[in-house]
Amino acid sequence: MKDKLRSLPQVSAVLEREDVRELLSSYPRWVVVEAIRRVLEERRKKILDGLDVEVSEASVAQEVIERIEFFSLPSLKRVINATGVVLHTNLGRAPLPKEAVGAMAEVAMNYSNLEYDVKQGRRGLRYTHVVELLKKITGAESALVVNNNASAVFLVLNTLAKGKEVIVSRGELIEIGGSFRIPDVMKAAGSILREVGTTNKTKLSDYESAIGENTALIMKVHTSNYRIVGFTESVPLRDLVVLGERYGIPVYEDLGSGLFVDVRRFGLPYEPTVKESLRAGAHVVSFSGDKLLGSAQAGIVLGREELLEKIRKNPINRALRIDKLTLSALEATLRIYMEGEEAAVERIPVLRMLSEKVEVLKMRAEKVAKLLSERIGGYTFEVIEDVSTVGGGALPTAELPTFCVAVNGGDCREIDRRLRTRPTVPVVGRIKQDRLLLDMRTVREEEVELLVEMVEVALR
Ligand SMILES: *Cc1c(COP(=O)(O)O)cnc(C)c1O
């Protein structure tokens, strides 16, 4: 062991090597020295643990070079989503329409009229850029946008029901991944949760008997990521609105995913749209910008002007405010919706992927399988039928027929690891019955070439 420790090279010796010295033309000396020290230290520890370790100067130099080069690549980068999950929260939810990206770049690289009214030559409001569009598209009386839907829920509760009771059905006390749970948000916003009914059944009379002096809000939460089926009953929004109005209590619906088009036209299960909520009379509605709406991360609040005015003026709104880049992306996306449903389905990637015809996916899978077979030996690539899911807390029971390329030959976990760990563009597929599948629903046509290239490098 002592011999082995002694034969580890000195920092200065590694630093003198030609290949390591080359690094100094691109990276500061301390970065290189630090990397050498780290690698040597780690090898020293391994030797002390009795492990078998390479001690040659060349192998140390090799690791130093790899590490520095890997570290110099961006950490946040594009990936190819071959999971088939259209709204994958861990993969950044909605890819943006081209128009939104263009608008963001323009606003990002220049000054903008973010809060400047060019007609009047004085201070303006950042919300003006999207409020009219939102009103036109949804028929809402007023609109407000914030950082995300979690902020929207918090802000609505904190403004309209701080220190007061909010009535919610026990069947709707949702958790949306991680730390967003309705009872916890309620507490953080200073509201008192008044749960009514049971997990599977809540009646109008349950809501009515819970109304008291301290009731400030009736809240309906869309069960975005689960469904209660079987012996169930819930109260339609319309009936809650009638009840609320009888007692002078506003009704707020957290819709989760904001849908502007009816997805039944793509053969998907029914999912309420924003318009329907407003038409049913909800006084306030909120939803995400980057779920089924297909835009950037944002929380959109729609509803009665007198309530939204209060929400807008809540000092916490400033802490949750929407950023100018998001705002420009959102505006550009809304303008596509203004052109009508056809334009939206064609140009908003999320809607496009959800509505893509299965024959198109089959052709894409055949193309990918053919290209991969031509370029890579030792594996076979098979086109198979399967189902994709929507993900992102939307349409939890929907199953979309799809076509995948299955990679056969070798351990699927090892294949998956190699594809995921591409330093340039990682490819994330899904494992099913001990096979790695590349689902074509979430691989866009223009990504096919890159996908093939990445799989080729990974498996070679
Ligand atoms: C997704 C979701 C949220 C949280 O929205 P974010 O945009 O992720 O902050 C809140 N409520 C419901 C019902 C949701 O589905």
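Q: What makes a residue count as touching asparagine 317, and which ones do?
A: Contact means heavy atoms within 4.5 Å. Leaving out residues up to four places away in sequence, asparagine 317 touches Tyr127, Leu144, Val146, Leu155, Ile311 and Arg312. This is a predicted model, where local features need pLDDT of at least 70 and side-chain atom pairs count only at pLDDT 80 or more, while totals for chains, interfaces and linings use all residues. Residues are numbered from 1 along each chain as its sequence is written, and side-chain values use heavy atoms, with hydrogens and water left out.

Q: Why is asparagine 317 called buried?
A: Buried means under 20% relative accessible area, exposed over 50%, and partly exposed in between (1.4 Å probe, protein chains only). Asparagine 317 comes in at 4%, so it's buried.

Q: What makes the pairing of asparagine 317 with arginine 312 a polar contact?
A: You need two N or O atoms within 3.5 Å; within protein, one must be able to donate a hydrogen and the other to accept it, and residues adjacent in sequence count only if both atoms are side-chain atoms. Here a polar side-chain atom of asparagine 317 sits 3.0 Å from the backbone oxygen of arginine 312, so the pair makes the cut.

Q: How do you know that the span of α20 fits a helix?
A: Helices are DSSP runs (H or I, at least four residues), strands are E runs of at least two, and both are numbered from the N terminus. The expected span is 1.5 Å times one less than the number of residues. For the 12 residues of α20 (448-459) that gives 16 Å, and the end C-alpha atoms are 17 Å apart, which agrees.

Q: Why is α20 called largely enclosed?
A: Because 9 of its 12 residues are buried. Among them are Val448, Leu450, Met454 and Glu456.

Q: Which helices do the buried residues of α5 pack against?
A: They pack against α2 (11-16), α3 (18-23) and α4 (29-48). The buried residues of α5 are Ser59, Val60, Ala61, Val64, Ile65 and Ile68.

Q: How do you know that serine 224 and aspartate 254 make polar contacts with the ligand?
A: A side-chain N or O atom of serine 224 is 2.5 Å from a ligand oxygen, and one of aspartate 254 is 2.6 Å from a ligand nitrogen. Both pairs fall inside the polar-contact cut-off, so both count.
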